[in-house]
Amino acid sequence: MGVFVAEVRPRWSDMDAFGHVNHANTVTLLEEARIDLLFVEATRHGAAGMAGGVVVARLVVDYHAPLLATGATVRVEMSVREMRNAAFTLDYVVHSGLSESDPVVATAETMLVPYDLKTGRPRRLSEAERDFLAAWRSGSNGA
């Protein structure tokens, strides 16, 4: 494994006055991609606790070219760079289209913290969550 690929579609309303997807909406596209990995895929692999609460503690986005809302779907590649007991970092590569050969328009990173909604406090990653995330670690072969 190593890299999870999500497909997201920028909306016409995501564009700013200059005709490209603005920062806030790019962050929303990253969120949509992250939900595919941490909620949908994690649940399929026995790590449903992720859907119970994860908060973004840090976000960095670097833009390489404008992202245009053309009605087409774009590719978002994600991998886990770092994993701690109670936090992990996801790296993102956003392409202008569905192919990995399409130009990279943005790269990003988020540091995420598992969160217990009932207690209102951060929590440690469960063993199932750690195993799931390890499969998406940068350079991982999925073993």
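Which residues does Thr89 touch, not counting residues up to four places away in sequence? I will come back to that after the overall picture. Please keep in mind that this is a predicted model.

Start with the fold. The protein chain has 2 helices and 6 strands. In sequence order the pattern reads β-α-β-β-β-β-β-α. The radius of gyration is 15 Å, close to the 15 Å that the globule rule gives for 143 residues, so the chain is as compact as a globular protein of that length. Along the principal axes, the C-alpha trace spans about 45 × 35 × 25 Å.

A few totals next. Of the 143 residues, 38% are buried. Taking contacts between residues at least 6 apart in sequence, 66% of them join residues at least 24 apart. The exposed surface comes to about 7,500 Å², and carbon and sulfur atoms supply 53% of that area. On charges, there are 14 positive and 18 negative side chains, with the centres of the two sets 8 Å apart.

Now the interior. The largest nonpolar core has 33 residues, and those with the most contacts inside it are Leu37, Leu38, Val76, Met78, Phe88, Leu90 and Leu133. At least two residues of this core come from each of β1 (4–8), α1 (23–44), β3, β4 (88–95), β5 (104–116) and α2 (127–135). Helix α1 gives the largest share, 6 residues.

Leu133 is one of the residues with the most contacts in that core. Setting aside neighbours within four places in sequence, Leu133 is in contact with Leu38, Met50, Val80, Met83, Phe88 and Leu125. Two of those partners, Leu38 and Phe88, are also named among the core residues with the most contacts.

Next to Leu133 in sequence is Ala134, which is found in helix α2. Buried or partly exposed? Ala134 has 30% relative accessibility, so it counts as partly exposed. Its C-alpha atom is separated by 8.1 Å from that of Met83, although the two residues are 51 apart along the chain.

Back to Thr89, which lies in strand β4. Its relative accessible area is 5%; the cut-off for buried is under 20%, so Thr89 is buried. As for the opening question, with residues up to four places away left out, Thr89 touches Ser79, Val80, Arg81, Glu82, Glu109, Thr110 and Met111. Val80 also appears among the contacts of Leu133. For a pair with a wider gap in space, take Thr89 and Ala65: they are 24 residues apart in sequence and 24 Å apart from C-alpha to C-alpha.

One more residue, Arg75, in strand β3, which covers residues 74–83. Is this arginine buried or exposed? Its relative accessibility is 15%, so Arg75 counts as buried. Again without residues up to four places away, Arg75 touches Val5, Ala6, Val93, Val94, His95, Gly97, Leu98, Ser99 and Glu100.

To close, three residues to look up in the viewer: Arg75, buried in β3; Thr89, buried in β4; and Ala134, partly exposed in α2.

How values were computed: Residues are numbered from 1 along each chain as its sequence is written. This is a predicted model: local features need pLDDT of at least 70, side-chain atom pairs count only at pLDDT 80 or more; totals for chains, interfaces and linings use all residues. Side-chain values use heavy atoms; hydrogens and water are left out. Helices (H or I, at least four residues) and strands (E, at least two) are DSSP runs, numbered from the N terminus. The radius of gyration is taken over C-alpha atoms; the globule rule is 2.2 Å times the number of residues to the power 0.38. Buried means under 20% relative accessible area, exposed over 50%, partly exposed in between (1.4 Å probe, protein chains only). Contact means heavy atoms within 4.5 Å. Accessible areas come from the Shrake-Rupley method with a 1.4 Å probe; for residues, only the protein chains shown count as cover. Lys and Arg count as positive and Asp and Glu as negative; His and the chain ends are not counted. The place of a charge is taken as NZ of Lys, CZ of Arg, CG of Asp or CD of Glu. A nonpolar core is a set of buried Ala, Val, Leu, Ile, Met, Phe, Trp, Tyr and Cys residues joined through side-chain atoms within 4.5 Å.
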